[in-house]
Amino acid sequence: QKVSVEVLDHLEHLALVDFRDSEGVERLQKAIQFADQLHEVNTDGVEPMDSVLEDRCLYLREDDVTEGNCAKELLENAREKVEEYFVAPPGNIPLPKLEERETFLQGS
Amino acid sequence: LAPWIPVVGLEIHAQISSNSKLFSGSQVQFAAPPNSLVSFFDASLPGTLPVLNRRCVEAAVMTGLALNCSINKKSLFDRKHYFYADLPAGYQITQQRVPIAVNGSLSYSLYIDNKMSQMVTKTVRIKQIQLEQDSGKSLHDDARSQTLVDLNRAGVGLMEVVMEPDLCCGEEAAAAVRELQLILQTLGSSQAVMAEGQLRVDANVSVHHPGEPYGVRTEVKNINSIRFLAKAVDYEIQRQIEELENGGTVLNETRAFDSKLGCTVPMRDKEGKQDYRFMPEPNLPPLILYDAKSLPANMNHQQVINIDWIHERLPDLPSVKREKLVEQYGILPEHSFTLLNEDGLAEFFESVVKQTQMKPKKVIGWILNDLLSYLKQHSLTVKESPVSSFLLADLLKLLEKKEISSTAAKRVLAELWKGEGKTPLEIVKEQKLELLQDQKELEQICQAVIDGQQNE
């Protein structure tokens, strides 16, 4: 079962990944096949496991103020800033539609 | 024309009243220098991990109990992915699969008619309450085509209260949210001040004909007050009805309420149906809560949250407070609603009652008709009242002792509003408003009037 172009395009939009070429897509296919092996196990009546941490205790922190006040440090990494604000483009810049962008997916 | 049935479902985000954030130790505070209340985790710097704040869990449990919910002893955290400048991690930690509380109800009351004479009690079902992170704030600078991002709010704890679509109009929505606001403020789990963004309401609205399936719904956002909530919902209902009656269709979209124009407009930046790719939050094990029966014997107290312990310590909810006021003072249920609706008014009323011999049923008239209408006219809160409960009590004492008439009392009150520091007794003497008690004097005056008539 191959992953359709629609799904690949959808994934590129959602995760902003770039499959770039057939090798990238092939790697995704192989990853899905690898995970699909899970379906071979009969899990009827078995409660799904959430994570390997599921029987650990979730640590609860006291409601004290212990951090913050480091605007200068945080802004050091910002390419652009305006008076202690981070600067971002005016809105999300959506990935152009499949027909309108240069991607090898177009040919598929 | 076939009748339309409007359907309204609310999603309410209440900011948790806590010192620090949901998953980090930075401070929660409304106005502060930009990015000063931000920890490395809030800024989503690599290598940071979420650590759950106990107080936030307690707030959610209290709220769940107050709304008659079942508290899930095991609840889970998930990641909800979407890109936006004020969400540095690219996902929000929320509770999508198994939230902390489910299946509750909220009772609220509203006036049957415009005459405000009788109240009816309704119920809206609560689907669930979940803990989640707030996002930062975006300030749009259209002139320079950029957005300024302040992460002070990023990571603040929220309780999202999801209601079933049991409401049918703006009035019901406003009444339900007002009651929820009062409950949250009574519990202290949220200060729920809408103007400061501590209580945000999104309304899902659709219309359909009786017997037909539900219509397409729109989501209305950007509602900043309870008054605007009612307006926004009613406007959207009307807009949809008109659209459909003119042969158009309702789009499944997100709209913003424009308070200046009093209408809803499509929101930009909402690209179709979002795929949030929910996944379990891998850094947080399940949240386990206990009750008296399941309390573990040898665990550190600080790590244990006991639902029964919290339940025992819940304060009187507004509905209980109202019942007590009605029972104790013999006032009408409608009166108790008004008393609780104004911050400090119930305390003011009780203080006056304590200080006078006047029947509470009579005092309430002075509180609701005279005091409250004056405060409303001048946009004052009870705390800002130039007439204190002591002054009003003094005045009512004079009235009760029949030293002045009711008409005179109203005149004295009008004078007291000026806030010139005079006591009721001083004003009565100044304006010679004392009731004449002397029988003989009264007879003389009456005789003089009669004589005067006879002379004409």
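How many disulfides does a search of the whole structure find over all chains? The result is zero. Please bear in mind that what we are viewing is a predicted model.

Let me begin with the cysteines. Why does Cys57(A) form no bond of this kind? Its closest cysteine sulfur belongs to Cys56(B) and lies 17 Å away, which is too far for a bond. A disulfide would require the two sulfur atoms to be within 2.5 Å. Cys69(B) is likewise in no disulfide, and the nearest cysteine sulfur, again that of Cys56(B), is at 18 Å. As to their surroundings, Cys57(A) counts as exposed because its relative accessibility is 52%, whereas Cys69(B) is buried, with a relative accessible area of 11%.

I turn now to chain A. Its secondary structure consists of three helices and three strands. Read from the N terminus, the order is α-α-β-α-β-β. Is this chain compact or spread out? Its radius of gyration is 22 Å, while the globule rule gives 13 Å for 108 residues, and chain A is therefore more spread out than a compact globule. The C-alpha trace spans about 50 × 45 × 20 Å along its principal axes. Of the 108 residues in chain A, 28% are buried. If we take the contacts between residues at least 6 apart in the sequence of chain A, 50% of them join residues at least 24 apart.

The surface of chain A comes to about 8,700 Å² of exposed area, with 52% supplied by carbon and sulfur atoms. With regard to charge, chain A carries 11 positive and 26 negative side chains. The centres of these two sets lie 7 Å apart.

Let us proceed to chain B. Here the secondary structure amounts to twelve helices and 17 strands. Along the principal axes, the C-alpha atoms fill a box of roughly 100 × 65 × 50 Å. What percentage of the 456 residues in chain B is buried? The figure is 49%. Among contacts in chain B with a separation of 6 or more, 68% are between residues 24 or more positions apart.

Chain B exposes about 22,800 Å², and carbon and sulfur atoms account for 51% of that area. Chain B has 49 positive and 58 negative charges, and the mean positions of the two groups are 3 Å apart.

To close, I return to the opening question: the search over all chains finds zero disulfides, and for Cys57(A) the reason is the 17 Å to the closest cysteine sulfur.

How values were computed. Residues numbered from 1 in each chain as written. Chains lettered and ligands numbered in written order. Predicted model: local features only at pLDDT ≥ 70, side-chain atom pairs only at ≥ 80, totals over all residues. Heavy atoms only, no water. Buried < 20%, exposed > 50% of the residue type's maximum accessible area, 1.4 Å probe, protein only. Helix = DSSP H or I, 4+ residues; strand = E, 2+ residues; numbered from the N terminus. Rg over C-alpha atoms; globule rule 2.2 N^0.38 Å. Contact = heavy atoms within 4.5 Å. Areas by Shrake-Rupley, 256 points an atom, 1.4 Å probe, with all protein chains shown as cover. Lys, Arg positive; Asp, Glu negative; His and termini not counted. Charge placed at Lys NZ, Arg CZ, Asp CG, Glu CD.
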